[in-house]
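Reader: I have this structure open and don't know where to start. Could you walk me through it?

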Amino acid sequence: MLIKDAVQIMNKIAPAELKLEWDNPGLQLGRLNRKVTKVLFALDLTPEVVAEATERRVALIITHHPVFYRKMGRILDDEWQQELLLTCSENKIAVSAAHTTWDAAKGGVNDVLAKALGLKNIKYLDTGVKVGRMGTLPETTLEEFAQKVKNVLGLAAVTYIDGGRKVHKVAVCGGAGMDLLDIVMSQGCDTFVTADIKYHQAQTGAYQGLNLIDGTHQGTELPAMQDMLTKFAKLSGLECLLAKETRIMKVI
């Protein structure tokens with residue numbers, strides 16, 4: 001199989017038309033007609049991931065987050081992400097990404113997150129914004145549900161904001177989803193699980209009766225990488241590997 005064929009398979013899993021305007025999914029680096037037999041899947045292109053790809057002799061890395069979101073005027077080794085691209089190029093490793101396309105895709109980041117948290121009756125948060133999901137679960141306390149989020153996502157700690165309500169109708173958005181705050185509240189949700197919640201956003205939720213749970217950016221997205229790998233392996237028949245990514249943010 002060629003790199004261009006692998007990219008097309010990924011496009012079937014996470015269609016390009018689902019991307020948000022500011023995003024930059026797809027092939028980031030590589031020769032379209034180079035052969036590929038082994039693919040490494042990772043949330044991010046990091047030094048550890050590139051080292052693993054080089055050691056395991058993969059021809060393609062597929063990440064969730066793109067290496068860059070806009071055109072670059074130069075690629076030099078004085079910036080860490082550009083240095084990684086140079087290293088990949090020198091080792092004949094192509095790099096592709098499926099970001100908001102995988103967030104929005106059926107069976108993607110947000111479907112995986114919603115199912116992992118036990119939500120039922122899962123549907124799009126809003127017909128115009130396909131990156132979020134919402135669903136229901138038997139009524140429980142915020143503390144009990146926050147503990148479940150912590151356990152399911154394998155977190156050492158979880159931050160939550162008490163909006164003063166029981167948990168029953170829950171919205172989820174893997175990664176930084178607070179731009180959806182108004183939509184979540186308009187849909188009548190009592191709880192929103194996302195990441196990267198800022199202080200004043202927390203105030204808005206708390207004083208307007210919405211529980212918030214910050215499952216961390218990495219924590220809310222990592223579970224879906226295995227699903228991406230599984231779908232790709234089934235369609236491509238290639239050897240697919242999951243990167244040994246470490247937690248970037250830690251607590252003591």
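**Pockets, helices and cores**

Author: The largest pocket has a volume of about 970 Å³. A pocket here is an open set of points on a 1 Å grid over the protein atoms alone, with protein on both sides within 12 Å along at least five of seven lines. A volume is the space filled by probe spheres set on the points, which are joined across faces, edges and corners.

Reader: Which residues are closest to the centre of the largest pocket?

Author: Gly175, Ala176, Asp196, His217 and Gln218, out of 39 that line the largest pocket. A lining residue has an atom within 4 Å of a point. This is a predicted model, where local features need pLDDT of at least 70 and side-chain atom pairs count only at pLDDT 80 or more, while totals for chains, interfaces and linings use all residues. Residues are numbered from 1 along each chain as its sequence is written, and side-chain values use heavy atoms, with hydrogens and water left out.

Reader: Which element gives the largest share of that lining?

Author: β8, with four residues. The elements that each supply at least two are α4 (100-104), β6 (129-140), β8 (167-176) and α9 (217-221). Helices (H or I, at least four residues) and strands (E, at least two) are DSSP runs, numbered from the N terminus.

Reader: How many cavities are there of 30 Å³ or more?

Author: One, in a search of the whole structure. A cavity is a set of points where a 1.4 Å probe fits but cannot get out. The largest cavity has a volume of about 70 Å³, and its lining includes Asp44, Glu48, Gln218 and Lys244.

Reader: Different topic. What is buried in α1?

Author: Ile3, Ala6, Val7, Ile9, Met10 and Ile13. Buried means under 20% relative accessible area, exposed over 50%, and partly exposed in between (1.4 Å probe, protein chains only).

Reader: Where do they sit around the axis of α1?

Author: They cover an arc of only 160 degrees, so they are on the same side of α1. The arc is that of the directions from the helix axis to the C-beta atoms. The buried residues of α1 pack against β1 (26-29), β3, β4, α4 and α10, and contact means heavy atoms within 4.5 Å.

Reader: And α8, which residues are buried there?

Author: In α8 (residues 199-207), Ala202, Gly205 and Ala206 are buried. They cover an arc of only 95 degrees around the axis, which puts them on the same side of α8. His200 and Tyr207 are exposed on the other side of α8. The buried residues of α8 pack against β7 (159-161) and β10 (211-214).

Reader: Which residues touch the most other members in the largest nonpolar core?

Author: Phe41, Trp102 and Phe232, in a core of 27 residues. A nonpolar core is a set of buried Ala, Val, Leu, Ile, Met, Phe, Trp, Tyr and Cys residues joined through side-chain atoms within 4.5 Å. α1 gives the most to this core, with six residues.

Reader: What does phenylalanine 232 contact?

Author: Leaving aside neighbours within four places in sequence, the contacts of phenylalanine 232 include Ala6, Ile9, Met10 and Ile13, as well as Val39 and Phe41.

Reader: Last one: is histidine 99 buried or exposed?

Author: Buried, with a relative accessible area of 6%. Histidine 99 is in the loop between β4 (94-97) and α4. Not counting residues up to four places away in sequence, histidine 99 touches Trp22, Asp23, Pro25, His64, His65, Pro66 and Tyr69.
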